[in-house]
Amino acid sequence: MISKLDEQFIEKATALVREHMSNPEFSVDMLAQKMSVSRMQVHRKLTGLTDRSASDLIRNIRLMHAAELLKEGELNVTEIT
């Protein structure tokens, strides 16, 4: 079971990735900086809670967002990438 603090950590990380979706340079280092923790702390915490690395989390959120945009059909693949 995930504690409320752990749940808030995941939600904050996810929200930050979504907030910086348009920045292709957004990285784990930037995520850690925005969360006021070290890169290694972000990596360990997310891996422990989600069985995914921080970079996998960023990639998966971006891919899910791209899939949503493709389903809407208003943009083509080139525009989404």
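The following exercises, with worked solutions, concern the predicted model shown above.

Residues are numbered from 1 along each chain as its sequence is written, and side-chain values use heavy atoms, with hydrogens and water left out. In this predicted model, local features need pLDDT of at least 70 and side-chain atom pairs count only at pLDDT 80 or more, while totals for chains, interfaces and linings use all residues.

**Exercise 1. Describe the overall build of the protein.**

Step 1. Take the secondary structure, in which helices (H or I, at least four residues) and strands (E, at least two) are DSSP runs numbered from the N terminus. The protein has 5 helices and 0 strands, and the order from the N terminus is α-α-α-α-α.

Step 2. Turn to the dimensions. Along the principal axes, the C-alpha atoms fill a box of roughly 40 × 25 × 15 Å.

Step 3. Consider burial, where buried means under 20% relative accessible area, exposed over 50%, and partly exposed in between (1.4 Å probe, protein chains only). Of the 81 residues in the protein, 28% are buried.

Step 4. Examine the contacts, a contact being heavy atoms within 4.5 Å. Among contacts between residues at least 6 apart in sequence, 47% join residues at least 24 apart.

**Exercise 2. Locate the residues Ser 36 and Asp 51, and state their phi values and exposure.**

Step 1. Recall the general rule: most residues other than glycine have a negative phi.

Step 2. Begin with Ser 36. Its phi is near 60°, a positive value in a residue other than glycine. Ser 36 lies in the loop between helix H2 (28–35) and helix H3 (39–50). The relative accessible area of Ser 36 is 67%, so this residue is exposed.

Step 3. Continue with Asp 51. Here too phi is near 60°, which is positive although the residue is not glycine. Asp 51 is found in the loop between H3 and helix H4 (54–72). Because its relative accessibility is 72%, Asp 51 counts as exposed.

**Exercise 3. Determine the surroundings of His 20 and Val 28.**

Step 1. Place His 20 in the loop between helix H1 (4–19) and H2. His 20 has 16% relative accessibility and therefore counts as buried.

Step 2. List its contacts. With neighbours within four places in sequence left aside, His 20 is in contact with Phe 26, Lys 34 and Arg 62.

Step 3. Place Val 28 in helix H2. Val 28 has a relative accessible area of 6%, so it is buried.

Step 4. List the residues that Val 28 touches. Not counting residues up to four places away in sequence, these are Arg 39, Ala 54, Ser 55 and Ile 58. Val 28 and Ala 54 are 26 residues apart in sequence, and their C-alpha atoms are 6.2 Å apart in space.

**Exercise 4. Characterise the largest pocket.**

Step 1. Fix the term: on a 1 Å grid over the protein atoms alone, a pocket is an open set of points where a 1.4 Å probe fits, with protein on both sides within 12 Å along at least five of seven lines, and lining residues have an atom within 4 Å of a point. A volume is the space filled by probe spheres set on the points, which are joined across faces, edges and corners.

Step 2. State the volume and the lining. The largest pocket has a volume of about 320 Å³. It is lined by 14 residues, of which Met 21, Arg 62, Ala 66, Ile 80 and Thr 81 are the closest to its centre.

Step 3. Assign the lining to helices. H4 and helix H5 (77–80) each supply at least two residues, and H4 gives the largest share, 6 residues.
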